[in-house]
Every structure is written in C-alpha cells, then in structure tokens.
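Hi everyone, thanks for coming. Let me put the structure up, and then I'll walk you through it.

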Amino acid sequence: MLEPGNNGTQLVRTPGLSRFDEIDHGFFSRHGGVSQGELASLNIGTAVNDDPDLVTKNRLAIARAMGADRLAFVKQVHGKEVVVLDSAPDPSSDPLWQTNLEADAIVTNLPGVFCAIAVADCQPILLYDPEKKAVGAVHSGWRGSLQNIAAHAVEAMVQAFGCNPAGMIAAIGPSLGACCAEFIHYRTEIPEKFWKYKDEKDHFDFWAVTRDQLTAAGLEGRNIDCANICTKCTPEHFFSYRASHAAGRFAGVIGLKPA
Ligand SMILES: [Zn+2]
C-alpha cells in the first residue's frame, strides 16, 4: 500500500492519477519526518502544538519528495471556500507558500505549484483534469462533506480553467472509514438526507458520500479512486484524530510537475 518516497518519506498513490506523467500526487504516511512523540514524525499541521521549525522541515521534505517548486497551504476551516492559485509569488521566494486564505480546497494550473491539504481522519481528495492541465486538493471532513466542498472545488476548476468534469480524475485518500465513523449525535449533527449513508450501528460511509457528490458534479464513477484505507484502523501509518487527539496531520498533495 505504501510506496517509498525519494527521501525517507512514504506515500500512497492511486492508479487513476498515477497514469499521468505530467503530474505527481500522494498521500504521505506519518513517517520520514522530524517531529517527536505523538506527532512523530511527518507532521505538517501548524495548530497541533508542534515546533514550527520542525513543521517547516517536514513540509520541505514533502516538497522535495514531490519535486515541487512550491508547496501551497491554506488555513483550513471546515468550510466550502476554494482558493484559485493562478499566479505564483516571486520565483526567488520560499518554496513553502502558506497563504493567509481561509479555505478548504486549493486549485491551480501552475506547473511546479503543488496543492497541500492537512488531515487526520478528514478526507483528502485530489482532482486532476488531464485536458486542461489543472489540479485540485480538497479537505473534506464530515462538516465539509455536508457542505459538498468536493463539488465546490470541481466547480471552481470549471469556472477558473474551463475544466470538463466528465474527463476529470479523482482520488479519495486515507481517512475515517465507515468501520470507525460512528456518529452517536447524528440526529442533531447530520441532516436527514445523509442518513442513507448510515448503517444500523450509526456508522456513516463518507467515502460513498464523496463518490456520489463527485458523480453528481459530473465525474464518471470509473474515474474516482478510493484508497480504501481507514486512518483510525492504521495509526501506525497515518495520523488519526479519533485514535489520538494529540495526533499530527498528514499530507495529501497534487501538482503539475515544474515546466
Ligand atoms: Zn476503521
């Protein structure tokens, strides 16, 4: 399931996106970084009480593993805003691009600019349009799923880059599976239209929600991959908030290779 990165990192890639030489993508395991303790070791989260210098080193390791000129981050807020990156900062500037924008998806058509999403149980969803050469990365926790952030990202790619959803490829990364996604307060937290994704033990299948949302947004079902890895079931590989509230955040990343 995990492939070695070129610098001690490990990542999961999905078949649909791996077919394209002009991009790279991956869902990075927690290994190959420098953070300590519960955050060991490739934590990229800035809001989890880690040493900022270590987080920077970890983010740089991911940028290097991807061969990225820049690795772009947003302030994730469990909302439905999408940031369109269509012009990069000065080429001599920092390889890490922490924007101040509050959003839960990043889309770009800039070669060398890789979009990064930080998660621990929330879904990292990656998007690619091979025709228009545009990519997207989405943070969809259960709150994001209820707001259909995945479709908002697809729509932003349509508006900004003229993408055609019917040709787009998607990958759902390691995240909380239905095996572990118990919502005991679902009657107050989750609208009734989502209850069809619930089993008799009050576990929700949010991977299925995402598949249905992307299909409704125009993607072909056969173009949507799911890693089918539950983070709470694999804390030895991935940070999981439900497995440990002191957990770090791992990365879902996609970008067009530098020109
Ligand atoms: Zn599980």
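I'll go through the sheets, the metal site, the salt bridges and one helix residue.

A word on the source before the details: this is a predicted model, where local features need pLDDT of at least 70 and side-chain atom pairs count only at pLDDT 80 or more, while totals for chains, interfaces and linings use all residues. Residues are numbered from 1 along each chain as its sequence is written, and side-chain values use heavy atoms, with hydrogens and water left out.

Let's begin with the sheets. Helices (H or I, at least four residues) and strands (E, at least two) are DSSP runs numbered from the N terminus, and two strands pair if DSSP finds at least two bridges between them. As a reminder, strands of a sheet pair through backbone hydrogen bonds, either parallel or antiparallel.

One open sheet has 7 strands, with mixed pairing, and its order reads β1-β2-β3-β13-β8-β4-β6. At the edges stand β1 (3–4) and β6 (96–102), each with a single partner strand, so one side of each has no neighbour in the sheet. Inside that order, β8 (residues 113–119) and β13 (residues 250–256) run antiparallel to each other and share 6 bridges. If you'd like a pair to click on, Ala118 has Ala251 in β13 as its bridge partner.

Which helix lies across this sheet? That is α2 (residues 52–66), which lies across β2 (10–12), β3 (23–28), β4 (70–75), β6, β8 and β13. The helix runs at about 140° to β3; axes here are lines fitted to C-alpha atoms, for helices over the stretch in contact, and angles run from 0 to 180 degrees between N-to-C directions.

While we're on α2, please find Asn58, which sits in that helix. Buried or exposed? Asn58 is buried, at a relative accessible area of 0%. The scale is this: buried means under 20% relative accessible area, exposed over 50%, and partly exposed in between, with a 1.4 Å probe and protein chains only. Leaving aside residues up to four places away in sequence, Asn58 touches Gly33, Val34, Ser35, Ser41, Leu42 and Asn43, contact meaning heavy atoms within 4.5 Å.

Now to another open sheet, this one with 6 strands, again with mixed pairing, in the order β5-β7-β10-β9-β11-β12. Its edge strands are β5 (82–85) and β12, each pairing on one side only, and the twist averages 15° from one strand to the next. Between β11 and β12, which run parallel, there are 3 bridges; Ile172 has Cys226 in β12 as its bridge partner. Packed on this sheet is helix α4 (residues 149–161), touching β5, β7 (105–108), β9 (123–129) and β10 (134–140), with a direction at about 155° to that of β10.

On to the metal. Which residues coordinate the zinc ion? The SG atoms of Cys179, Cys180, Cys230 and Cys233 do, at 2.3 Å. Donors are N, O and S atoms within 2.8 Å of the metal (3.2 Å for Na, K and Ca), and water is not among the atoms, so sites may look incomplete. The angles among the 4 donor atoms are 101 to 118°, and the site is tetrahedral; four donors count as tetrahedral if all angles lie between 85 and 135 degrees. Along the chain, the donors follow the spacing C-C-x49-C-x2-C. Cys180 lies in the loop between β11 (169–172) and α5 (186–189), and Cys230 in the loop between β12 (224–226) and β13, so this pair ties together parts that are 50 residues apart in sequence. Cys180 is buried at 14% relative accessibility, and Cys230 is buried at 7%.

Last, the salt bridges, each a side-chain nitrogen of Lys or Arg within 4 Å of a carboxyl oxygen of Asp or Glu. The count comes to 4. One of them joins Glu3 and Arg13 at 2.5 Å, N to O. Glu3 is in strand β1 and Arg13 in the loop between β2 and α1 (15–18), so the pair ties together parts 10 residues apart in sequence. Arg13 also forms a salt bridge with Asp24, where the closest N and O atoms are 3.0 Å apart. Asp24 lies in strand β3, 11 residues from Arg13. Asp24 is buried, with a relative accessible area of 13%. Through shared partners, Glu3, Arg13 and Asp24 join into one network.

Thanks for listening!

Note on methods:
Tetrahedral: all angles 85-135°; square planar, octahedral: opposite > 155°, others 65-115°.
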